[in-house]
Amino acid sequence: MAWVLKMDEVIESGLAHDFDASLSGIGQELGAGAYSMSDVLALPIFKQEDSNLPPDNDAKHPPFQYVMCAATSPAVKLHDETLTYLNQGQSYEIRLIDNRKMGDMPEIAGKLVKSIIRVVFHDRRLQYTEHQQLEGWKWNRPGDKLLDLDIPMSVGVIDVRTNPSQLNAVEFLWDPGKRTSAFIQVHCISTEFTPRKHGGEKGVAFRIQVDTFKQAENGEYTDHLHSASCQIKVFKPKGADRKQKTDREKMEKRTAPEKEKYQPSYDTTILTECSPWPDTPTAFVNSSPTPTPTFSSTAHTTCSVPDSNSSSPNHQGDGIPQVSGEQLHPSATIQEAQQWLLKQRFSSYTRLFSNFSGADLLKLTREDLVQICGPADGIRLYNALKSRSVRPRLTIYVCQEQSRSIQLEQQDSGSAESRNGAIYVYHAIYLEEMAASEVTRKLALVFNIPLHQINQVYRQGPTGIHIIVSDQMVQNFEDESCFLVTTIKDENGEGFHMILK
């Protein structure tokens, strides 16, 4: 028994010696510095994690902040954009706050800036057809505007201006160093732009957007500084309050885990940063009776816009070939492309294509244009870009009988006319309407006769009788028929008769 105890003591002492020996070199190999926390954090694995964190000095700091005094909806899921309900015609305050750090943008210190507030469509599909949507609203609500500024309640706004052609925007100057609040009124409701009107909750969403500019060297406020927007829905008076209450009651009925998936309702709506709204060249009208400093949103050009009675952009009408100026060339600049769109009656899309040159427009496919402009205007614009003229329904050739004496040198000696030493010059008339009035109008243009002086057009029939050219007769003309035209004076001496032989 004593021998066994002795062996146990020997084994224990040996293990302890070996363990001490294994630890004896640790401090000598690594040194005291091996336990420095700064050295541990310098390892590559920790450096990689730190590189994913943005540096503090690169954090984006917007120069301005816009806050609308209206509560956000509680029925919006996390990570979704906030939604705010407004009452039609009610004044809502938008506070324009100078958010610059010390030393930021010294060029606007003590100077005015310009802000444009507009209400626009949230849905991109409606943005593409904004002009048509607003024109329809204007037709139903003549004299009204989608957006107004409540000037008596506003604070710090200077030189308020509106453009009669822009029903959804107001602009003004303000001093970032002073308190500024703009009270806006939205007069359109969300259900006015839906096929079925079942109440505000079924209506389309709008956006309130604020764009701010500083003064450029030429004195105009065109240098963009900041833009922000928020999503809204507009209800009939007191409808927004009822909708807010309904959303709140729905949220109260949800379980705690479900509530965690939704945003809380805030008393104010903070407009989030966004891209500046693409604007068309416009000239703004001063609504103030007193003279004030002039400013405009963008430099503008004067272009002649055809009226609604002008011919189609694809129409070669009146027997006159299209001039080359009506075709868009790839080398056309952005400004020339804008003028071409206006001339071809695509003024509602000038803002959409405000940064497109001639080459950019010509690269668009038919499918692209249909998706952007809709089927009708998309196909029309595609045909205009490709210079596709309207195919005539009927072509006839006419020659004035007196001109049959004109003799031209004929190079083709094998033709029948060359044997007589003369050829007859005919004019092509392309009829897009199978009507007698269309024939009369085209004949007047071809032979340079005032239209009101042509009393009647006849066709010479059997035994030389004169048959009145009617719509039914024109519809039975053979394509590419040839006629000799004789012009005789009316018996009363007023006007002419034309006879097709």
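**Cavity, cores and cysteines**

The lining of the second largest cavity comprises six nonpolar residues, one polar residue and no charged residues. The model is a predicted one, and a search of the whole structure finds two cavities of 30 Å³ or more. The second largest cavity has a volume of about 40 Å³. Its walls are formed by Val-119, Val-120, Phe-121, Leu-134, Leu-146, Asn-168 and Phe-206. Strand 4 (residues 113-121) supplies the largest share of this lining, namely three residues.

Phe-206, a lining residue of that cavity, also belongs to the largest nonpolar core, where Ile-117, Phe-172, Ile-184, Phe-206 and Ile-208 have the most contacts. This core has 41 residues. Its largest share, five residues, comes from strand 10 (residues 221-235). Apart from this core lies another, of 22 residues, which includes Leu-394, Met-434, Met-473 and Phe-483.

The surroundings of Phe-172 may be followed residue by residue. When residues up to four places away in sequence are not counted, Phe-172 touches Leu-96, Val-113, Lys-114, Ser-115, Ile-117, Leu-149, Val-157, Ile-158, Asp-159, Val-160 and Ala-182. One of these contacts, Ile-117, is itself among the core residues with the most contacts.

The cysteines remain to be considered. The structure holds zero disulfides. Cys-274 is accordingly in no disulfide, and the nearest cysteine sulfur, that of Cys-230, lies 9.7 Å away, whereas a disulfide requires the two sulfur atoms to be within 2.5 Å. Cys-274 is partly exposed, with a relative accessible area of 27%. Cys-69 is likewise partly exposed, with a relative accessible area of 27%.

Technical notes:
Residues numbered from 1 in each chain as written. Predicted model: local features only at pLDDT ≥ 70, side-chain atom pairs only at ≥ 80, totals over all residues. Heavy atoms only, no water. 1 Å grid on protein atoms, 1.4 Å probe; cavity = no way out; pocket = protein on both sides within 12 Å on 5 of 7 lines; lining within 4 Å. Points joined across faces, edges and corners; volume = space filled by probe spheres on them. Helix = DSSP H or I, 4+ residues; strand = E, 2+ residues; numbered from the N terminus. Nonpolar A, V, L, I, M, F, W, Y, C, P; charged D, E, K, R; others polar. Core = buried A, V, L, I, M, F, W, Y, C linked by side-chain atoms within 4.5 Å. Buried < 20%, exposed > 50% of the residue type's maximum accessible area, 1.4 Å probe, protein only. Contact = heavy atoms within 4.5 Å.
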